[in-house]
Amino acid sequence: MTAKIEKDKNTIRQMVTLYCRHKLNMPKPDEEYLALIDYCCLRLDKCKWGEKKMACKKCPRHCYKPEMREKIKKVMAWAGPRMIIYNPIAAIKHLLGK
């Protein structure tokens, strides 16, 4: 898989872990959130745009199931702004990558 896709997968893992740990007070993601990570990674692997992929919210073709899309949107809305506090290096790399 491409470096961009792998970077996006890593960002998803970090955001879900951050959400579970600090929002839900879980030491690590449970089965439900591990399934969300797996689902997001699978969708990234199958993305037809590949290395040229845009942010999913800007994509003309939404490939997530509606319930999974809502779940990851909730996670990202909470974890995204907090990445600068909990993982500043990843947050800055993510911002510069856009």
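Q: Which helices each supply at least two residues of the nonpolar patch?
A: In this predicted model, the helices to look at are α3 and α4 (88–96), each giving the nonpolar patch at least two residues. The share from α3 is the largest, at three residues.

Q: Which residues form that nonpolar patch on the surface?
A: When you read a patch like this, remember that its members need over 30% relative accessible area and no salt bridge. Here the members are I84, I85, Y86, I92 and L96, and together they have about 550 Å² of accessible area.

Q: Let me try one of them. Where is I85 found, and is I85 exposed or buried?
A: Start with the cut-off: a residue counts as exposed over 50% relative accessible area. I85 sits in helix α3, and its relative accessible area is 62%, so it counts as exposed.

Q: What about L95: in which helix is its place, and is L95 exposed or buried?
A: Same way of reading. L95 belongs to helix α4 and, with a relative accessible area of 58%, is exposed. For a sense of distance, put it alongside L34: these two are 61 residues apart in sequence, and their C-alpha atoms are 25 Å apart in space.

Q: Now the salt bridges. How many does the structure hold?
A: The idea is to look for a side-chain nitrogen of Lys or Arg within 4 Å of a carboxyl oxygen of Asp or Glu. Six salt bridges turn up in this structure.

Q: With which residue does D45 form a salt bridge?
A: Its partner is K9, and the closest N and O atoms of the pair are 2.6 Å apart. Check where each end lives: D45 is in helix α2 (residues 31–45) and K9 in helix α1 (residues 3–23), so the pair ties together parts that are 36 residues apart in sequence.

Q: Are the two ends, D45 and K9, buried or partly exposed?
A: Use the lower cut-off here: buried means under 20% relative accessible area. K9 comes out at 7%, so K9 counts as buried, while D45, at 35%, counts as partly exposed.

Q: Which residue forms a salt bridge with E32?
A: That's K71, again with the closest N and O atoms 2.6 Å apart. Since E32 lies in helix α2 and K71 in helix α3 (residues 66–86), this pair ties together parts that are 39 residues apart in sequence. Both ends fall between the cut-offs: E32 is partly exposed at 41% relative accessibility, and K71 is partly exposed at 22%.

Q: Which residues do salt bridges that share partners join into one network?
A: They are K4, K7 and D8. Zoom in on K7 and D8, and you'll find the closest N and O atoms 4.0 Å apart. K7, at 35% relative accessibility, counts as partly exposed, whereas D8, at 13%, counts as buried.

Q: Let's turn to helix packing. At what angle do α1 and α2 pack?
A: The angle is about 165°, and the axes are 10 Å apart. Angles over 145 degrees count as roughly antiparallel, so that is how α1 and α2 are described relative to each other.

Q: Is the crossing of α1 and α2 right-handed or left-handed?
A: Right-handed, in the case of α1 and α2.

Q: And what lies between them? Where is N25 found?
A: Look in the loop between α1 and α2. A good habit in a loop is to check the backbone angles: phi of N25 is near 55°, a positive value in a residue other than glycine. N25 is also exposed, with a relative accessible area of 65%.

Q: Where is the place of P27, and is P27 exposed or buried?
A: P27 is in the loop between α1 and α2 too, and its relative accessible area of 73% makes it exposed. Compare sequence with space: P27 and C40 are 13 residues apart along the chain, and 21 Å separates their C-alpha atoms.

Q: One more loop. In which loop does K52 lie?
A: K52 lies in the one between α2 and α3. At 73% relative accessibility, K52 counts as exposed. Going from K52 to M68 covers 16 residues in sequence and 23 Å in space, C-alpha to C-alpha.

Technical notes
Residues are numbered from 1 along each chain as its sequence is written. This is a predicted model: local features need pLDDT of at least 70, side-chain atom pairs count only at pLDDT 80 or more; totals for chains, interfaces and linings use all residues. Side-chain values use heavy atoms; hydrogens and water are left out. Buried means under 20% relative accessible area, exposed over 50%, partly exposed in between (1.4 Å probe, protein chains only). Helices (H or I, at least four residues) and strands (E, at least two) are DSSP runs, numbered from the N terminus. Patches are made of residues with over 30% relative accessible area and no salt bridge: like charges are joined within 9 Å, nonpolar side chains (Val, Leu, Ile, Met, Phe, Trp, Tyr) within 5 Å. Accessible areas come from the Shrake-Rupley method with a 1.4 Å probe; for residues, only the protein chains shown count as cover. Axes are lines fitted to C-alpha atoms, for helices over the stretch in contact, and angles run from 0 to 180 degrees between N-to-C directions. Angles under 35 degrees count as roughly parallel, over 145 as roughly antiparallel, 65 to 115 as roughly perpendicular and the rest as oblique. A crossing is left-handed if the near helix is turned anticlockwise from the far one by less than a right angle, and right-handed if clockwise.
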